[in-house]
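This report describes the surroundings of a bound ligand, beginning with its polar contacts and ending with its pocket.

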Amino acid sequence: MSETAPNGESRLLIDGDLVDASDGGRFDNVNPATEEVIGQTSDATAADMDRAIDSARRAFDDTSWSTDRAFRQRCLRQLHEAIVGEQELLRAELVAEVGCPVMTTYLAQLDAPLAEGLLWPAEYIDSFEWERDLPDNQNFGVPSWQKVVKEPMGVVGAIIPWNYPFEITIGKLGQALATGNTMIIKPAPDTPWNATRIGRLIAEQTDIPAGVVNVVASSDHLVGEQLVTDPRVDLISFTGSSTTGRRIMAAGAPTLKRLFLELGGKSADIILDDGDLETKMAFFGFMCMHASQGCAMLTRTLVHESRYAEAVEMAKVAMEGVTYGDPTDPGNIMGPLINATQRERVLGYVETGVAEGARLVTGGGRPAHLDKGWFVEPTLFADVDNSMRIAQEEIFGPVLVLIPFRDDDDAVRIANDSEYGLSGAVSSASEERAMGVARRIRAGTVSVNGGIYYHAASPFGGYKGSGVGRQNGREGFEQHLETKTIAGGQ
Ligand code: NAD
């Protein structure tokens, strides 16, 4: 069991120093399960962000960070060790500020990204092809050699959401630093402490030079937007909603910002007529893990019409069996939503679904037995048409929809009839058949018969409205690099 929630780090990391906001401002950190204020965080001003950008720029332009790979490798390993040293404190802190069930911290909230997120890119420094020679040529009659070299982008603005904040921060840190960039990390206002803790560890326990990483928390989204509009920032690495992603793309246009956008999803879980419905449905409740506040959650379940009625009954049992409530209880897989606004938004979607004519099978309200915290009951809709808003829009809460399909082509058509394209899943007794469907799904990750794609080496990201670019893996690494061709006369 985790330790009790510690007092969080309130200070920002700017230019190597742990500092308060320049005007002394602070904002509250609230536990979404208890609605209690658990502490405060320095509330960065525009001037603080300006200083952080200046510091990251100087660290990139004026130090050997961008070229000294061995040093970067050592620093990443140091940071990994420093975080491992506070892993249990961090676990309790994540449960307190994110409201995530502690069991998720043994998976993607903490232990899995901590195991690989910094070390994989650090190792990859050794095997990555930083330079390659092209065959000599005689263009325009001039004998020349050519070399292609990979160089860091420069200053990266990393903007983080609240749902898996540590995982996303670590993923961005590992890749941006291994490739030689400097950074400003801007955590979400709801979940700043895991990032400010990393800031303190960087300052106190690593040799990472001043300015290479800055951590700037603010309650004002526009302080984050400075990263997007400032010409001294080269790349925006953003994870969050598609709405904010669009705004960032527009705001970045005047400075032709390089963009890496990890956005929302409405991913389809396709159970073909020969799929193992019983096993799938036994795990159906897991879609409520962390109240379904995950971009790649499989929130549309597509079942062959011959087994649809049976599937609705099994899904009802599974949803009603979801254990939820106090996130510190290791038996719970679902905690609260992050804040009151999100809860109201999710409850609004339940009303929308009913008004659209979908059948509310179970859930749909606030749980009677929990008088504190921003909880919503595990909710299931059946008889859903894919054109309904509850099938098209990302709800980001424990609201799942079951949609029938006629045949494999119909399943693929429904899965792809979405503005999103983040993830998906296919189940079939025939792997070949499932693979055939998986190849036709327009999404960045697809699980076949329960396969797990999650790993620091696995590229993760979206097609269509789910984003631009990839986190993790070789593709994520290269995204932090510019390409230069140097030609020499002979
Ligand atoms: P959000 O878009 O509201 O906020 C994300 C971050 O952007 C926060 O740090 C916020 O302060 C900042 N921000 C908001 N407006 C900004 C602006 N104009 N300029 C710059 N920064 C701005 O998202 P959220 O509600 O925190 O997170 C939930 C969303 O994130 C969901 O849509 C989810 O699907 C998505 N998400 C995607 C992935 C992925 O990898 N594809 C992973 C996790 C979450």
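## Polar contacts

In this predicted model, a polar side-chain atom of W162 is placed 2.9 Å from an oxygen atom of the ligand. E394 also contributes through its side chain, where an N or O atom is 2.5 Å from an oxygen atom of the ligand. At I160 the backbone takes part: one of its polar atoms is 2.7 Å from a ligand oxygen atom.

On its own, the ligand has 840 Å² of accessible area, and the protein covers 91% of that area.

## Pocket and shell

The second largest pocket holds the ligand. Two or more residues of the shell are given by each of the elements α9 (221-229), β10 (235-239) and α10 (242-252).

Around the ligand there are 28 residues, of which I160, H221, E225, L263 and E394 come nearest. Sorted by class, the shell consists of 15 nonpolar, eight polar and five charged residues.

## Domain contributions

Both domain 1 (12-263 + 467-489) and domain 2 (268-455) supply residues to the shell around the ligand, with at least three from each.

How values were computed:
Residues are numbered from 1 along each chain as its sequence is written. This is a predicted model: local features need pLDDT of at least 70, side-chain atom pairs count only at pLDDT 80 or more; totals for chains, interfaces and linings use all residues. Side-chain values use heavy atoms; hydrogens and water are left out. A residue is near a molecule or strand if one of its heavy atoms lies within 4 Å of it. A polar contact is a pair of N or O atoms within 3.5 Å; within protein, one must be able to donate a hydrogen and the other to accept it, and residues adjacent in sequence count only if both atoms are side-chain atoms. Accessible areas come from the Shrake-Rupley method with a 1.4 Å probe; for residues, only the protein chains shown count as cover. On a 1 Å grid over the protein atoms alone, a cavity is a set of points where a 1.4 Å probe fits but cannot get out, and a pocket is an open set with protein on both sides within 12 Å along at least five of seven lines; lining residues have an atom within 4 Å of a point. A molecule sits in a cavity or pocket if more than half of its atoms lie within 2 Å of its grid points. Helices (H or I, at least four residues) and strands (E, at least two) are DSSP runs, numbered from the N terminus. Ala, Val, Leu, Ile, Met, Phe, Trp, Tyr, Cys and Pro count as nonpolar, Asp, Glu, Lys and Arg as charged, and the others, Gly among them, as polar. Domain bounds come from an automatic or database domain assignment.
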